[in-house]
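Visitor: I am new to this structure and would enjoy a close look at a single part of it. Could you pick one helix and walk me through its surroundings?

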Amino acid sequence: MPRPRKNRWVNWEPGASYFKPQGIPLRDLGEINLTVDELEAVRLAHLEGLYQEQAAQQMNISRQTFGRILESAHRKIAQALVNGDALRIEGGSYALPEAIFYCRECDYNWEVSPGFPRPPDCPQCGSGYVNSMLDRCGGRGRRRRGRRGHRGWGGPPR
Ligand SMILES: [Zn+2]
């Protein structure tokens, strides 16, 4: 069962997606695009305080890849702050918890495309005990946003 695309798993969506220096018209500014997965790396490393190993696990990527994403994010943030560029948070290869499913029987986990119906059973063992990562986080309504108190989902099951 090959994974169609290697998305970075993101357990958070930006509250604000555009930052600009005060008092300068937008047309006079450069713009930096920080992707959602890059910001997730920053969030996990610096707000959650996770080690790169744990953070990589949460995003379902290797530690090396995580390091690269974090490095790229730091460079972009530094560039925006130092040069006074606007910062747009948008895009990237990422999947949100509602698109990620796991099997409670065999612990297999996989993604579906956005808008795809909930899979009835596990592609690996055929069990019907399938949950989305969103269920694991306690549902979108109860998910707390923002800087404090976000516990994350604890990573994909192993
Ligand atoms: Zn299974």
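Guide: Happily; here is a tour of helix H1 and its neighbours. Please keep in mind that this is a predicted model, in which local features need pLDDT of at least 70, side-chain atom pairs count only at pLDDT 80 or more, and totals for chains, interfaces and linings use all residues. Residues are numbered from 1 along each chain as its sequence is written.

Helices (H or I, at least four residues) and strands (E, at least two) are DSSP runs, numbered from the N terminus. H1 covers residues 36-47, 12 residues in total. From first C-alpha to last it reaches 15 Å, close to the 16 Å expected, which is 1.5 Å times one less than its number of residues. Just after H1, Gly-49 has a positive phi of about 65°.

Among the buried residues of H1 are Leu-39, Ala-41 and Leu-44; buried means that 20 or more other C-beta atoms, placed from the backbone, lie within 10 Å of the residue's own. The buried residues pack against several elements, including strand E3 (31-34), helix H3 (63-83) and strand E4 (86-89).

Now to H3. Its axis and that of H1 come within 8 Å and cross at roughly 100°, the axes being lines fitted to C-alpha atoms over the stretch in contact, with angles from 0 to 180 degrees between N-to-C directions. The two helices are therefore roughly perpendicular, a term for angles of 65 to 115 degrees. Residues of H1 that meet H3 include Leu-39 and Ala-45, and those on the H3 side include Phe-66 and Leu-70, where contact means C-beta atoms, placed from the backbone, within 7 Å.

Definitions and conventions: Buried ≥ 20, exposed ≤ 12 C-beta atoms within 10 Å, placed from the backbone. Contact = placed C-beta atoms within 7 Å. Parallel < 35°, antiparallel > 145°, perpendicular 65-115°, else oblique.
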